[in-house]
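Visitor: I have a structure open on my screen and would like to talk it through. Could you walk me through it, one question at a time?

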Amino acid sequence: MKGKKIKRLGLAACCMMAALMMQGCGSNKNGQKIEIEIVQYKPEAAVYFDTVEEAFNATHDNIHLTISSPNDAMTILRTRFIREDYPDIIGIGGDINYSYFVDAGILADVSDYEGINNIKPAYLNIAEALKLVPIEGSYALPYVANAAGILYNRDIFEENGWVIPENWEELIALCDQIQAAGKMPFYFGFKDTWTCLAPWNAMAVDLAPADVTKQVNRGTTTFATEYREVSEKYLQLLQYGPSDPFAYGYNDACTAFARGESVMYPIGSYAVPQILTVNPDLNVDSFVMPANDEKDGNTLNSGVDLLFAVTASCENKEAAYEVLDFLYADENIQQYIDAQNAIPCKEGEFQLASMLDGMMGYIEAGNMTDYQDHYYPSEMAVDAQIQTFLINRDVDAFLKKFDTDWLRYNRDIIRLVQKYEEEHGK
């Protein structure tokens, strides 16, 4: 029985049933199992993928699945690619690395995979936009996403009668009210440079074009033009946090928010598990960063946290698709959601974590925009640039350096874009 999927059962139940029934697919012509290997980049989800591997192998006779979840998967993948030692499927984030892999011809076109029709158009569009230049075909199968905005303490909000702000003016007014009540509006963890990207991304999706990096590559605008309002509003937020936001790291900020030392925390949904380890009873929810002056100009900052891609060298694409069918079974996606507080990229009736309640309207409407830093090359170290900017508070110097460094670190991509547009009469 080919492509068998167990319905309405969790992974553990799948394994138990398999032990009793041992139902699965038939063997291949040689009586040998087809080997399918997945390397995925999220070690924090290793337990889930170990269970997936066990459940799949218990219910399939002709395919043997191996899933690796190494701590430094991207380095391992790059090394293997250089050696032309390709796994059949890779699980990576929807960021610039995926863009490079598509451009290098490492990934296979999966347009013929039927399951792609069940993925939310918004996330397919986000993946499509990551291509450096337009290339025919689909190369990514988004699995789960995350979201960034503002986490808040529901109990403190309710005790004080505070309401969720829907534009920038309301957010600043709320921060003033919180300070007047003797509480700290925000906690930051800017000692760890990567945390500086969370508010940046959440504001930038409201205030800058979603394709700003592509516009800059085409030479039609500059970051000095498109990121000025983002930069200025970011500086406004600093007055509503600790006196020295660079003295505390990510763990410090999570702990402080969990203990009620701040009412809000501008970070992504990925921080909630860490926060709840400190205070499991915290009543936490989230809302979209209202950086725009009008509510209608706001969008949810959400990107593909994990996507699957079949490599072009995969010799058994049909078997790889059978594995993907299993991964994309509703009950398996729900188990991942429960374990990681993720947002499913697949259409369906899924139960999401309550801390996403305040973002559900945007999720259901598909009103979401990818993280701007998914387009930034790692060599440019934008997180460190933002940290330096927040320390120096010099908007002009920051934006000038951003434009200069962009030309330096993206010159190959810029040439690629210019060549494409010359050839296609753009």
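**Cores, strands and rings**

Guide: Gladly! Let us begin inside: the largest nonpolar core has 91 residues, and those with the most contacts inside it are Tyr143, Phe308, Leu324, Leu327 and Tyr328. Please keep in mind that this is a predicted model.

Visitor: Which residues does leucine 324 touch, not counting residues up to four places away in sequence?

Guide: Leucine 324 is among the residues with the most contacts inside the largest nonpolar core. Phe308 is also on that list. Not counting residues up to four places away in sequence, leucine 324 touches Ile89, Tyr113, Leu141, Phe308 and Val310.

Visitor: How many residues are in the second, separate core?

Guide: This core includes Val216, Leu235, Leu237 and Met264. Leu235 and Leu237 are also among the buried residues of helix 11 (residues 228-238). The second core has 50 residues.

Visitor: What covers the buried residues of helix 11?

Guide: The buried residues in question are Val230, Ser231, Lys233, Tyr234, Leu235, Leu237 and Leu238. Their cover includes helix 7, helix 8, helix 10 (223-226), helix 17 (382-392) and helix 18.

Visitor: How many residues of strand 8 (residues 300-310) are buried?

Guide: Buried here means under 20% relative accessible area. Strand 8 is largely enclosed by the rest of the structure, because the residues that meet this cut-off number 11 of the 11.

Visitor: How many bridges join strand 4 to strand 8?

Guide: Strand 4 covers residues 141-148, and leucine 141 stands opposite phenylalanine 308 in strand 8. The two strands run antiparallel. The bridges joining strand 4 to strand 8 number seven.

Visitor: What is the bridge partner of isoleucine 92 in strand 8?

Guide: Strand 3 (residues 89-92) runs antiparallel to strand 8, and four bridges join the two. For isoleucine 92, the partner in strand 8 is leucine 307.

Visitor: Do strand 8 and strand 10 (residues 368-369) run parallel or antiparallel?

Guide: Leucine 300 has methionine 368 in strand 10 as its bridge partner. Two bridges join strand 8 to strand 10, and their direction is parallel.

Visitor: Is asparagine 146 buried or exposed?

Guide: Asparagine 146 has its place in strand 4. Leaving aside neighbours within four places in sequence, its contacts include Asn301, Ser302, Gly303 and Asp305, as well as Tyr371. Its relative accessible area is 12%, so asparagine 146 is buried.

Visitor: How many aromatic pairs does the count come to?

Guide: Rings count as a pair if their centres lie within 6.5 Å. By this rule, the number of aromatic pairs is 34.

Visitor: Are the rings of tryptophan 194 and tyrosine 250 stacked, edge-to-face or tilted?

Guide: Planes under 30 degrees apart count as stacked, over 60 as edge-to-face and the rest as tilted. The ring centres of tryptophan 194 and tyrosine 250 are 4.9 Å apart and the planes are at 55°, so the pair is tilted.

Visitor: How many residues apart are tryptophan 194 and tyrosine 250?

Guide: Tryptophan 194 sits in the loop between helix 7 (168-180) and helix 8 (197-207), while tyrosine 250 is in helix 12 (residues 250-258). Tryptophan 194 is partly exposed at 36% relative accessible area, whereas tyrosine 250 is buried at 12%. The pair links distant parts of the chain, with a separation of 56 residues.

Visitor: What is the angle between the planes of tryptophan 200 and phenylalanine 402?

Guide: Tryptophan 200 is in helix 8 and phenylalanine 402 in helix 18 (residues 395-409), 202 residues apart. Tryptophan 200 is buried, with a relative accessible area of 0%, and phenylalanine 402 counts as buried at 0%. Ring pairs link both into a cluster with Phe223, Tyr227, Tyr376, Phe389, Phe398 and Trp406. Their own pair is stacked, with 6.4 Å centre to centre and an angle of 20°.

Visitor: How many disulfides does a search of the whole structure find?

Guide: Two cysteine sulfur atoms would have to lie within 2.5 Å. For cysteine 254, the closest cysteine sulfur is in cysteine 196 at 14 Å, too far for a bond. Across the whole structure, the number of disulfides found is zero.

Visitor: What is the radius of gyration of the protein?

Guide: The protein has 19 helices and 10 strands, and 56% of its 426 residues count as buried. A compact globule with 426 residues would have a radius of gyration near 22 Å, which agrees with the protein's value of 23 Å.

Terms used:
Residues numbered from 1 in each chain as written. Predicted model: local features only at pLDDT ≥ 70, side-chain atom pairs only at ≥ 80, totals over all residues. Heavy atoms only, no water. Phe/Tyr/Trp six-rings, centres within 6.5 Å; stacked < 30°, edge-to-face > 60°. Buried < 20%, exposed > 50% of the residue type's maximum accessible area, 1.4 Å probe, protein only. Contact = heavy atoms within 4.5 Å. Core = buried A, V, L, I, M, F, W, Y, C linked by side-chain atoms within 4.5 Å. Pairing = 2+ DSSP bridges. Rg over C-alpha atoms; globule rule 2.2 N^0.38 Å.
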